[in-house]
Amino acid sequence: MERNEALALVKPHLKQERYEHTIRVMETAIQLAEMYGVDVHKTELAAIFHDYAKYRPVEEMKRWIQSSYLPKDLLHYHHELWHGPVGALLLERELGIEDQELLEAVHYHTTGRTHMTDLDKVIFLADYIEPGRKFPGLEQVREAAWEDLNKGCWMASKNTISFLMSKNQPIYPETFYAYNALTKQYK
Ligand code: DGI
Ligand code: FE
Ligand code: FE
Ligand code: FE
């Protein structure tokens with residue numbers, strides 16, 4: 001699938017600001033993929049599709065989780081965590097996308113996971129550092145991102161967990177698993 005076809009497929013599902021975020025994630029992810037030797041075209045498509053389910057109604061996402069192979073423990077955590085897994089499911093069902101590496105990168109783009117592939121890492125990190133983002137500590141993550149893929153992801157994961165803890169938010173186990181695995185890979 002070509003870039004313009006993919007963009008035309010996601011556009012109707014996103015608000016304008018989210019579409020612009022998607023374009024910036026795509027551009028950032030392609031640069032990371034080139035730097036770290038990841039399949040650039042697959043990265044481009046994964047980035048374009050990563051927030052495909054972002055605006056599905058919470059009740060619809062809940063039904064998809066209940067009625068599919070998706071992990072049921074998601075239902076005990078914030079619905080912000082649902083659009084990645086549900087997005088991967090719907091990309092397959094609605095658009096017929098079958099590339100499992102791409103689908104997994106979409107599935108895990110919010111939390112990360114234990115054994116992140118380089119494609120997972122590039123999408124996870126591009127989503128965090130794209131030029132439209134403003135998070136505390138972001139400049140250091142941006143610098144690290146171009147130095148070492150694992151270090152960049154580790155810092156993004158650490159910042160996310162620290163931020164969530166400062167807000168007394170529960171943290172999904174996969175988010176911790178990603179942090180732990182990245183800690184070992186980066187050290
Ligand atoms: O969809 P985007 O806004 O582009 O970004 P995203 O898919 O990375 O979602 C980011 C949100 O998800 C951000 O507000 C932090 C939150 N998040 C990530 N991991 C966890 C989490 N929220 C909770 N409650 N628990 C987590 O483990
Ligand atoms: Fe997202
Ligand atoms: Fe993210
Ligand atoms: Fe995103």
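User: What percentage of the 187 residues of the protein count as buried?

Analyst: In this predicted model, 40% of the 187 residues count as buried, a label that requires 20 or more other C-beta atoms within 10 Å of a residue's own.

User: What makes the radius of gyration agree with that of a compact globule?

Analyst: The rule is 2.2 Å times the number of residues to the power 0.38, which for 187 residues gives a value near 16 Å, and because the protein has 15 Å, the two agree. Along the principal axes, the C-alpha atoms fill a box of roughly 40 × 35 × 30 Å.

User: Which elements make up the protein, and how many are there?

Analyst: The protein has 10 helices and zero strands, so that from the N terminus on its elements run α-α-α-α-α-α-α-α-α-α. Among contacts with a separation of 6 or more, 60% join residues 24 or more positions apart.

User: How do you know what span is expected of helix 10?

Analyst: The expected span is 1.5 Å times one less than the number of residues; for the 14 residues of helix 10 (residues 173-186) this comes to 20 Å, and the helix reaches 20 Å from its first C-alpha to its last, close to expectation.

User: Why are the buried residues of helix 10 said to be on the same side?

Analyst: The buried residues in helix 10 are Glu 174, Thr 175, Ala 178 and Leu 182. Because they cover an arc of only 105° around the axis, they lie on the same side of helix 10. An α-helix has 3.6 residues a turn, so residues three or four places apart point the same way.

User: What covers the buried residues of helix 10?

Analyst: Their cover includes helix 9 (149-166).

Terms used:
Residues numbered from 1 in each chain as written. Chains lettered and ligands numbered in written order. Predicted model: local features only at pLDDT ≥ 70, side-chain atom pairs only at ≥ 80, totals over all residues. Helix = DSSP H or I, 4+ residues; strand = E, 2+ residues; numbered from the N terminus. Buried ≥ 20, exposed ≤ 12 C-beta atoms within 10 Å, placed from the backbone. Arc of directions from axis to C-beta. Contact = placed C-beta atoms within 7 Å.
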